[in-house]
Amino acid sequence: SVSNIVPESCLLIVVGLLVGGLIKGVGEKPPILKSDIFFLFLLPPIILDAGYFLPLRPFTENLGTILIFAVVGTLWNAFFLGGLMYAVCQLGGPGLNHISLLANLLFGSIISAVDPVAVLAVFEEIHINELLHILVFGESLLNDAVTVVLYHLFEEFANFEQVTILDIILGFLSFFVVSLGGVLVGVIYGVIAAFTSRFTSHIRVIEPLFVFLYSYMAYLSAELFHLSGIMALIAAGVVMRPYVEANISHKSHTTIKYFLKMWSSVSETLIFIFLGVSTVAGHHYWNWTFVISTLFFCLIARVLGVLVLTWFINKFRIVKLTPKDQFIIAYGGLRGAIAFSLGYLLDYEHFSMRDMFLTAIITVIFFTVFVQGMTIRPLVDLLAVKKKQETKRSINEEIHTQFLDHLLTGIEDICGHYGHHHWKDKLNRFNKKYVKKCLIAGERSKEPQLIAFYHKMEMKQAIELVESGGIGKIPSAVSTVSIQNINPQTLPLERVIPALSKDKEEEIRKILRTNLQKTRQRLRSYNRHTLVADPYEEAWNQMLLRRQKARQLEQKMNNYLTVPAHRVDSPTMSRARIGSDPLAYEPKEDSENLPIITIDPASPQSPESVDLMSEEPKGCSGLPPSPEEDEEGLVMRVKEPSSPGTDDVFTPGASDSPSNQRMLRCLSDPGPRPEPEEGEPFIPKGQ
């Protein structure tokens, strides 16, 4: 229940404080976290674990933002804090007057960097969303180059009698040498590790050893030349992972994963415990003015830096960083054991105030880890910041993500804009064409990962079927090639899967590989000025127009030929209309005793006159209709075309009940259609 409120790092520091107090209480001298032990043995496992399992896609997509926070933000913190602390020292009385500007700038460079160990310890417990996690953690990883450069630069400048402009320019250039040199060392060792893993198929036991060995050699080589060891480890882990995992066995992959997690967890535990023990054991010099000013200015510099840099970054980001995100980034700037170890490395001869610096550094570390680390979880819940998705992405999401990547790459090509997706696609094509062939053994360098995984799964399933003796009940998921490879003996005649010859199967695979797996072929660049006119385009347009006109004409004819259901008038209304124009009703001799409805256009005397000529059969005679009459139904005759808006009337008979009328309306009503134009006949003549 305590670990749900207090982060693990805080509890470990408390354990270290208790252990240090007990050791000191029995009269022994507690051990101190020496910088050599920290930098050579405790820090590399944590950084290698972070670099090897780095989520590469969000890291590369937010690389610009991370670099701005890591480089510009750390420089701002160092110089802002160093300058203000120098002002405090000048105004703070006799105990602080002797501290020079370079010493304050060196102190600012030590305390300004966000610590990756502390960030990992806290952020993995609160399960913050991937964007915020990669921004803060990426900043803590990449600011190592800035910290190393500033630390060594100010340490060297402290020995100089006079600092010239040339020294400052060389110091600025050394940042690029340290950062890019560290990355280059890491890439070289990563490629060597990947190439070595290509030849370990006959001795799987030592595969994990090569990963750890080459990574540690990259770190030591970078530190040997005062380059950034952290960036070398990250680069080595990122470069070697895809190729090494394609070459090594599944058991070796599991070994690497769990050994790295265990090793980094042990290192993290030892770091925080030793931090607590060193606090009790070390020499301290407490100065209220210096310590409180350091703590206050650290918070102010972090908040101002995040606000200003985010305002600038949001001008270029599609997904903007919200005020909640900015608060978490500023609040998550934790300090840790790297700052303590760098402070411990200071020399007493040149920095007589080392004890005061260490006291201020430990105070800032304790404040950020205890206060900010303990309150960040309730603040994340209070602000309703988006949490990390615990479930893995489905294959459907992976496929659609890749599809959108190819789509955006194509759009960039059409626009002629060489953006992020264009260069990413170039790199992937170069990787598939050249690098994979050199670093990955066998057919796995040619097959996509999904196809290779499917082959591995079907091989495993086929082996299980053979071992269990269920070869006669082969499921449809297992292809014939796996069965033929594993059990080449003749199979029974009744087979679930149809037999395919080797040649036929190889031909099918070749067709699929050449056509389906080329996700994006290089085509000629699109240019609207050099488009060739299509000779058939005009003919196609004419054909489409003729089809459209024919369809419209057919629809019009259907509207003309469809007779809508007539509404039923009351008998009183029908008699009144018949009485208004009795001459309109004339019996027809050729009607053969069938009711004939004749539609008469309105006359000037009676604007609405509709005549019913014969209503004897069926309707008024009272006799049941014969089968012949029933089959013939009503015969409708037209006297003259009617104008739109004319009312049609007929006398309801026995067969004209409301239910029959509803049926007629359903059968005859074609739905919404255009109204007939003025002067058009409702039913054309001759029909």
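**Group meeting: rings, helices and two positive phi values**

Let's start with one residue: Phe366 is buried, because its relative accessible area is 19% and the cut-off for buried is under 20%. Keep in mind that this is a predicted model.

What does Phe366 pair with? Its partner is Phe370. Both sit in helix H15, which runs over residues 354-383. They are four residues apart, about one turn of the helix. How do we describe such a pair? A pair of aromatic rings is described by the distance of the centres and the angle of the planes. The structure holds 21 aromatic pairs. For Phe366 and Phe370, the ring centres are 5.8 Å apart and the planes stand at 55 degrees, so this pair is tilted. Edge-to-face would need an angle over 60 degrees.

More on rings. Phe107, Phe290 and Phe357 are linked by ring pairs into a cluster. There is also a charge over a ring. Arg354 lies over the face of Tyr344, and the distance to the ring centre is 4.9 Å.

Now the chain as a whole. How many helices and strands does the protein chain have? It has 25 helices and three strands. There are 687 residues, and buried ones make up 40% of them. About 40,200 Å² is exposed. Carbon and sulfur atoms supply 64% of that area. On contacts, take those between residues at least 6 apart in sequence. Of these, 78% join residues at least 24 apart.

Next, helix H12, residues 288-313. Which span should we expect for its 26 residues? At 1.5 Å a residue, the answer is 38 Å. The expected span uses one less than the number of residues, so the 26 residues enter that way. In the model, the end C-alpha atoms are 37 Å apart, which agrees. The N-terminal end of H12 has a cap, and the capping residue is Asn287. A side-chain oxygen of Asn287 lies 3.1 Å from the backbone nitrogen of Thr289.

On to helix H16, residues 395-415, where we find Thr401. Is Thr401 buried or exposed? Thr401 is buried, because its relative accessible area of 19% falls under the 20% cut-off. What is Thr401 in contact with, leaving aside neighbours within four places in sequence? The answer is Arg57 and Arg393.

Leu408 also lies in H16. Leu408 counts as partly exposed, at 38% relative accessibility. From Leu408 to His421 is 13 residues in sequence. In space, their C-alpha atoms are 6.7 Å apart.

Last topic: backbone angles. Most residues other than glycine have a negative phi. Here are two histidines with a positive value.

His127 has phi near 55 degrees. Where is His127? It is in the loop between helix H6, residues 116-126, and helix H7, residues 130-159. His127 is partly exposed, with a relative accessible area of 38%.

The other is His226, with a positive phi of about 60 degrees. His226 is in a loop too, between helix H9 at 207-224 and helix H10 at 229-247. At 48% relative accessibility, His226 counts as partly exposed, because exposed means over 50%.

To recap: a tilted pair in Phe366 and Phe370, a capped helix in H12, and positive phi at His127 and at His226.

How values were computed: Residues are numbered from 1 along each chain as its sequence is written. This is a predicted model: local features need pLDDT of at least 70, side-chain atom pairs count only at pLDDT 80 or more; totals for chains, interfaces and linings use all residues. Side-chain values use heavy atoms; hydrogens and water are left out. Buried means under 20% relative accessible area, exposed over 50%, partly exposed in between (1.4 Å probe, protein chains only). Contact means heavy atoms within 4.5 Å. Accessible areas come from the Shrake-Rupley method with a 1.4 Å probe; for residues, only the protein chains shown count as cover. Rings of Phe, Tyr and Trp (its six-membered ring) pair if their centres lie within 6.5 Å; planes under 30 degrees apart count as stacked, over 60 as edge-to-face and the rest as tilted. A charge sits over a ring if NZ of Lys or CZ of Arg is within 6 Å of the ring centre and within 35 degrees of the ring normal. A polar contact is a pair of N or O atoms within 3.5 Å; within protein, one must be able to donate a hydrogen and the other to accept it, and residues adjacent in sequence count only if both atoms are side-chain atoms.
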